[in-house]
Each structure stands twice: as structure tokens, then as C-alpha cells.
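Trainee: Before we discuss anything, could we look at the structure together, and may I ask you to justify each term as we go?
Mentor: Gladly; let us put it on the screen and reason from there.

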Amino acid sequence: MVKVTYVAADGTRTEVDAPPGSNVMQTALDNDVDGIVGECGGAMMCATCHCYVDEDWSDATGARRDGEDDMLDCAADEVRPNSRLSCQIRLTEGLDGLVVHLPEEQV
Amino acid sequence: MREIVIVGAGQGGLQAAMCLRQDGFAGRITLIGAEAGLPYQRPPLSKAYLKSGDAGALQLRPASFFEKKDITLITGTRVDSIDRAARSLRAGGRDLRYDHLILATGTRNLRPPIPGADLALDLRTLEDAARLRAALDRPRRCAVIGGGFIGLEFAAVARALGHEVTLAEAAPRLMARAVSAETSARFLGLHEGMGTRVHLGDPVREVFPGGIRLASGTRIEAEVVLMAAGVTPNTELAAAAGLAVDNGVVVDGRLLTADPAISALGDCAVFPDPVSGRPVRLESVQAATDHARLISRRLLGMADDRYDAVPWFWSDQADSKLQIAGLATAGDETVTRGDGAIFRFNAGRLSAVETVNDARTHMQSRKRLAGAPVLRRHLEAAGFDLAAV
Ligand SMILES: Cc1cc2nc3c(=O)[nH]c(=O)nc-3n(C[C@H](O)[C@H](O)[C@H](O)COP(=O)(O)OP(=O)(O)OC[C@H]3O[C@@H](n4cnc5c(N)ncnc54)[C@H](O)[C@@H]3O)c2cc1C
Ligand code: FES
């Protein structure tokens, strides 16, 4: 299992275990983590799964995927250099311990 | 308002329940759905699920979510009738009162009146998809009836998995209702390039054990026959309750039926297109979720806006992601930009943009279409650069 910590905009931390192969958006929904909507189910169509990757993890999660920039342009909250679409971050063993921060708004 | 009941626990019904809680509704929310199990998303049924068979990945929210948000989810239960005078409905042998009712009953697969239609498989529900997937357990010959999004997505997956695929479409081109002739042609090339045989303008006359027969007389041998010839909205409940039905449950610009206690959303609702005013019914995740948002805000008195969201849609076929922003009408003019992006115009005004693997133009289009009308002459002057108009 891969441990993922979600830090809500108000600072609340939720730690969950996910099977490798899942993604950060799906894992949030499966574990009832508020703050990620994931309306299009990971099809890169909605930008309601916006997250900020913790600085310690930006190398491990890698660069944005093709088209992610354009989607993030339409995110509801401020886009920062560490902004990602959480549906595009696939969980591998190497991401065990991953920390992501959630924006205040997704829609 | 204390009791809100939502009929249909699909994409839009669930979204309505979620929005109501998120927007602060403190009363009782009951979500009743005819299908068994937790609400799930349909788009992957004709895409990733056919390959992976992972039903868990389709689930929209886990069981604990409904408890946490205090949403009463009743599954495997069909609502039989609505008593508008008493503001109650009958489901599973009991009566349920409502202050407001939201119809989110979606659509079901259309069965054309041809002999043997019942021999064909469907692709609408998870149950359908599981059956279809099981039928593809060894190399098969597949016949697909209907060249719309679902038939084509299935064809692409089946070919990628190594099955033989023949597709028959009654119209002279693919996805004819939804896209320009240029996009139809492009996708015809894609599918033929993958080895799918496509018959256009040749409606199916018969399904027989072992294949299908077309109007031209062509017989297509197939062990697996998929019926993907469109859908019909589930309007019987509304019609029996005396609500207006015309290719869907008729609602006004605020998504309200003639009964102020009943709204309708998503695939089953016919609403005035915000641009043209003509009645439209959309089958998309976008419409279902944006409708749900608007209804929730109206019910909680947060806003009383007319529905004006820009439609968007996608379809994944092999490595081509088709994205559509806006809504074109048959007969809209078409301009193809040098890079392949397709702009549609109605009376000189941008109505829709069709792109393939071009998220940038798609998102620019969505933003642009949400604002003041984009005029063809302005776009022409700007070399069709959306960022420059
Ligand atoms: C295979 C497939 C692929 C798709 N791909 C895409 C895509 O790529 N992009 C996209 O945007 N859209 C896609 N769609 C469309 C999208 O899934 C629908 O637009 C969306 O599900 C509509 O939501 P809805 O809530 O209106 O209806 P649904 O999600 O269909 O839910 C309606 C529910 O109501 C229930 N119901 C009906 N009558 C009753 C009753 N009397 N009592 C109780 N329950 C009842 C039904 O059983 C059903 O579960 C696809 C659909 C399918 C089938
Ligand atoms: S879930 Fe829609 S873009 Fe990530």
C-alpha cells in the first residue's frame, strides 16, 4: 500500500492508504477526503481535482502531463508552480508518504 | 423545505444530493435508484472498464460518504408513480413524501423495431458492460449497430483487444448528430485504419443468431452483436404524473417543470438552449453535473439564475481524444483551422469547436463561449486564434 496525506485548505490532515496503480484523485474520493471533486472521473476534462504537491514530493511526482497546463488554466483556485491535476498522479511504491495540499475551491 | 427526494441515482442524481449538502441544505435528502449498488460513472464503461474490468474504479463515492453526508441512498428500487397533489411518490411498496422532487432518471438503450433486436447486447449500465466484457473472453467477431460515440468507443477498444469489428450506421456518416462532417471523416479514417469495417448509410434490418443483416442485403457474421443505436429518455414516470414530455421531461430555463415542486436534470431533461432558445436534451456528464448545481442553488435560495453553462463533451477512441466545446446545430458552417481544429458557426457566431488531442484549444473555446458572442469575422481577422479575439 501507498500512504498519501491530504492537507485541506484549513490545515486538516487526512492520511490514507491506497493500492499502487490508483491515482491521487480516486484515492481521495474512495476515502471520503473532502476538497477534491473529480467530476470527469479522471478524463482531464474538468480541473476539479486540482492539488498542490508538497515541495518535498515535486521531484517524485514528476512534471505535468500533456494537456494538464491547459486544464489547470481553468482551475477555480490559484495555480502555482506545484499545481497538478490529482487524477494524473499515479500512485507507485515510490510515492509512499506523498503529501498533497488542497485548494479552497474546486468549482 | 425539509424533504428533497431525487429519483435516479446516476451521475446527475448523486451530484444533486452532493450539491445540496455542500450548499448547506439541512433537511432530509433521499436518493432512490433502480440499479443495484452504489452510484457509478458510465463514461469508462465503453473505455477503460472494457479493458480492465475494474468495477471499483467506476464508483463515484464510497458507502461511507452517504452516511457521513446523511444522504439516504435507496438502491435497487424503482419509483413507480408520483402523486403530485399529495407531494408523495410510491417506490418499493411504500410512500415517500417530498417538498421538492428532482427527476434524474436518465435514458435507456433504444431498441429499434427490427426482428431479433433482443439478441443484441447493450452498453448502458455496468451490468451491460460486464456482460459484454464476458462475451469478449476469446477472439470474437463483433458487429456494432450504430456509429455514435458509444459504438465507436467500443469498436476502438475491441479492435485494440484483437477482436474483429464491423460497424453499421444508418446515417451517411459517423456521429452525425453531434459533430461536423469533417470530424466524421477524420474518425472514419481512424477506425478503418485500425481494421474496423464500416458500413455507412446502411441500416440494420435484422439481428439473427450469428450476425446481422443490413438493408443492402449484406450479412455480417458475428458472435457478439452490440446495439448502440441511441437512447430514449426515461420519461414514463413524469408523463404518468401529467408533466409535459417531449423527447424528455420538459423544463424551463431554471430547470423547473410546470409543477414548482418538481425539477428535472441530466439525460432525461429537455431545456431551452441558452444561446438559441430551442429545446435541447444533452447526454453528458457536464450537463448532468451543471444542472444539479443550478437546481441546488435555486432550491436553497442562493441564486435564481437561468441555466447558461457552456456544453462540453469528450470521447476517447484509440489514442484520439475528441473534445467538443459548445453546441452546434445541424447545418452550422464549418471552418477547419490549419492545425485541424474545427470551428462551427451559426449566423456568423461561434457555436462549437471540435478538436482532437488539443486540450489548449478546447479549454480556450470553453472560456470564450462562456463570454460575449464570438463573431466569425473577428476570428477570421485573428487567424482563428481564440486568444486574440
Ligand atoms: C457507455 C457510455 C459512455 C459514455 N461516455 C461519456 C463520455 O465520454 N463523456 C460524457 O460526457 N458522457 C458520457 N456518457 C453519458 C453520461 O454517462 C450521461 O450523460 C450521464 O450518466 C447522465 O447522468 P444522469 O444522472 O442524467 O443519468 P444516469 O447516469 O443514466 O442515471 C439515471 C439513473 O436513473 C435510474 N432510474 C430511471 N428511472 C428510474 C425510476 N423510475 N426509479 C428509480 N431510478 C430510476 C436509472 O436506473 C439510472 O441509474 C456515456 C454514457 C454511456 C452509457
Ligand atoms: S478529475 Fe477531471 S481533470 Fe482530474
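Trainee: What is the order of the strands in the open sheet of five in chain B, and how do they pair?
Mentor: In this predicted model, the five strands follow the order β3-β2-β1-β7-β18 of chain B, and their pairing is parallel. The twist from one strand to the next averages 20°.

Trainee: Why are β3 and β18 of chain B said to stand at the edges?
Mentor: β3 (71-74) and β18 (262-264) of chain B each have a single partner strand, so one side of each is left without a neighbour in the sheet.

Trainee: How do you know that β1 and β7 of chain B are joined?
Mentor: Two strands count as paired if there are at least two bridges between them, and four bridges join β1 (residues 3-7) to β7 (residues 100-103) of chain B, so the condition is met. These two strands run parallel, and B:Val7 has B:Leu103 as its bridge partner in β7(B).

Trainee: What makes you say that α8(B) packs on the sheet, and which strands does α8(B) touch?
Mentor: Contact requires heavy atoms within 4.5 Å, and α8(B) touches β1, β7 and β18 of chain B, with a direction that makes about 175° with that of β7(B). Helix α1(B), for its part, lies across β1, β2 (28-32), β3 and β7 of chain B and runs at about 170° to β2(B).

Trainee: Which elements give two or more residues to the shell around ligand 1?
Mentor: They are α1 (11-22), α8 (285-299) and β21 (312-317) of chain B, and α1(B) gives the most, with three residues. In total 33 residues surround ligand 1, and the closest are B:Gly12, B:Glu35, B:Lys47, B:Arg124 and B:Asp267.

Trainee: Why is the approach of B:Lys47 to ligand 1 called a polar contact?
Mentor: The term asks for a pair of N or O atoms within 3.5 Å, and an N or O atom in the side chain of B:Lys47 is 2.6 Å from an oxygen atom of ligand 1, so the pair qualifies. A polar side-chain atom of B:Arg42 also lies 3.0 Å from an oxygen atom of ligand 1, while a polar backbone atom of B:Ala104 is 3.5 Å from an oxygen atom of the ligand. Taken alone, ligand 1 exposes 1,000 Å², and the protein buries 95% of that.

Trainee: How do the residues of that shell divide by kind?
Mentor: The shell around ligand 1 holds 13 nonpolar, 13 polar and seven charged residues.

Trainee: What makes β11 and β15 the edge strands of the four-stranded sheet in chain B?
Mentor: That open sheet has the order β11-β10-β9-β15, with parallel pairing, and β11 (197-199) and β15 (224-227) of chain B each pair on one side only. Its neighbouring strands are turned by 15° against each other on average, direction ignored.

Trainee: How do you know that β9 and β15 of chain B are paired?
Mentor: At least two bridges are needed, and four join β9 (residues 141-145) to β15(B), so these parallel strands pass the test. One of the partnerships sets B:Ala143 against B:Val225 in β15(B). Helix α5 (residues 149-160) of chain B lies across β9, β10 (164-168) and β15, running at about 165° to β10(B).

Conventions: Residues numbered from 1 in each chain as written. Chains lettered and ligands numbered in written order. Predicted model: local features only at pLDDT ≥ 70, side-chain atom pairs only at ≥ 80, totals over all residues. Heavy atoms only, no water. Axes fitted to C-alpha atoms, helices over the stretch in contact; angles between N-to-C directions. Near = heavy atom within 4 Å. Polar contact = N/O pair within 3.5 Å; in protein donor to acceptor, adjacent residues only side chain to side chain. Areas by Shrake-Rupley, 256 points an atom, 1.4 Å probe, with all protein chains shown as cover. Nonpolar A, V, L, I, M, F, W, Y, C, P; charged D, E, K, R; others polar.
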